[in-house]
Amino acid sequence: MAENQPATGAAAPQATAGGKIRLREYETLFLVKPDVADEGIERIKERIRAAVSKDGGKVIKFTNWGKKKTAFVVAKQPRAVYIHCDYLGNPGIVSEVERLLTISDDVSKYLSHHVADDIDPETRPVEPDAKLAGDADDRPRPEGEAAVPERTERPERSERGPRPERDFEGEESA
């Protein structure tokens, strides 16, 4: 084993000629099952934070996009909580984050993306976590408001008057 490699098997942080550490920027989007409480989501986020910081990286921000309808049924659920994570780390950190998401029973899907190379971690401040509103179906309704608006009654056919004349191609109107 090379002397400059840590014993964990992860790559050492890259240092430039000036001695500054440079990391790569990644983002991971993962879907959490819709019945998971906020405490369960926080546990997943803390595991990711611990893994990234253990490797010498830095979590920039978690954004909870809320509960949304998925394009197709995922893990027998038509909806999921979307969580987006921006972080800095070495190339091996993505596999560790994805490993943590794979072993979590609450996560149904994930996707990671390499955003940029050669980022100075001191130039990227840690931002507070954000939580956005989900779909309109999940927002609490004011008391007395129905999920589907009530239908208004249409007047009877005899009360509406005669139908307007239609002119179809090839037919003359009378």
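# Notebook: strands, helix H1 and salt bridges

I began with the strand pairs and looked up Lys58, which stands opposite Leu88 in E4. The model I am reading is a predicted one, and I kept that in mind for each entry below.

**Strand pairing.** The strands E3 and E4 pair in the antiparallel sense, and I noted 11 bridges between them. Where the chain turns in the hairpin of E3 and E4, there are two residues between the strands, and Ala75 takes a positive phi near 55 degrees. I then followed E3 to its pairing with E6, where the two strands run parallel and are joined by two bridges; in this pair I found Asn64 opposite Lys131 in E6.

Next I turned to E2, which pairs with E5 in the antiparallel sense over nine bridges, with Glu27 standing opposite His113 in E5. E2 is also joined to E4 by nine bridges, and these strands too run antiparallel; here I picked out Val32, which stands opposite Val81 in E4.

**Helix H1.** I checked the length of H1, which covers residues 38–54: at 1.5 Å a residue its 17 residues should span 24 Å, and its end C-alpha atoms are 24 Å apart, which agrees. I then asked which residues of H1 are buried. I found Gly40, Ile41, Ile44, Lys45, Ile48, Ala51 and Val52 to be buried. Seen down the axis of H1, these buried residues fall within an arc of 140 degrees, so they line one face of the helix. The face of H1 turned away from this buried side carries the exposed residues Glu39 and Lys54.

I wanted to know what covers the buried residues of H1, and the cover includes strand E2 (21–32), strand E3 (58–74), strand E4 (77–89), helix H2 (93–103) and strand E5 (107–119). After H1 comes Gly56, and I noted that its phi is positive, near 90 degrees.

**Nonpolar core.** The largest nonpolar core has 19 residues, and those with the most contacts inside it are Phe30, Val32, Ile48 and Tyr87. I traced where the residues of this core come from, and E2, H1, E3, E4 and H2 each supply at least two of them. I looked at Ile48 on its own and, leaving aside residues up to four places away in sequence, found that it touches Phe30, Phe62, Cys85, Val97, Leu100 and Leu101.

**Salt bridges.** A search of the whole structure gave me 11 salt bridges, and I went through several of them.

I took Arg22 and Asp120, which form a salt bridge with their closest N and O atoms 4.0 Å apart. Arg22 lies in strand E2 and Asp120 in the loop between E5 and strand E6 (130–131), so the pair ties together parts that are 98 residues apart in sequence. I then asked whether each partner is buried or exposed. Arg22 counts as partly exposed, because its relative accessibility is 21%, whereas Asp120 counts as buried at 8%.

I moved on to Arg124, which forms a salt bridge with Glu25, the closest N and O atoms being 2.7 Å apart. This pair links distant parts of the chain, with Arg124 in the loop between E5 and E6 and Glu25 in strand E2, 99 residues apart. Arg124 is partly exposed, its relative accessible area being 21%, while Glu25 counts as buried at 9% relative accessibility.

I then found the side chains of Glu127 and Lys61 meeting in a salt bridge, at 3.6 Å from N to O. Here too distant parts of the chain are linked, since Glu127 is in the loop between E5 and E6 and Lys61 is in strand E3, 66 residues apart. Glu127 is partly exposed, with a relative accessible area of 36%.

I also recorded a network of salt bridges that links Glu42, Lys45, Glu46, Arg49 and Asp129; of these, I had already listed Lys45 among the buried residues of H1.

**The loop between E5 and E6.** My last entry is on Glu122, which is found in the loop between E5 and E6. Glu122 counts as exposed, because its relative accessibility is 72%. I looked up how far its C-alpha atom is from that of Lys20, and the two atoms are separated by 9.4 Å, although the residues are 102 apart along the chain.

Definitions and conventions
Residues are numbered from 1 along each chain as its sequence is written. This is a predicted model: local features need pLDDT of at least 70, side-chain atom pairs count only at pLDDT 80 or more; totals for chains, interfaces and linings use all residues. Side-chain values use heavy atoms; hydrogens and water are left out. Helices (H or I, at least four residues) and strands (E, at least two) are DSSP runs, numbered from the N terminus. The expected span of a helix is 1.5 Å times one less than its number of residues. Buried means under 20% relative accessible area, exposed over 50%, partly exposed in between (1.4 Å probe, protein chains only). The arc is that of the directions from the helix axis to the C-beta atoms. Contact means heavy atoms within 4.5 Å. Two strands pair if DSSP finds at least two bridges between them. A nonpolar core is a set of buried Ala, Val, Leu, Ile, Met, Phe, Trp, Tyr and Cys residues joined through side-chain atoms within 4.5 Å.
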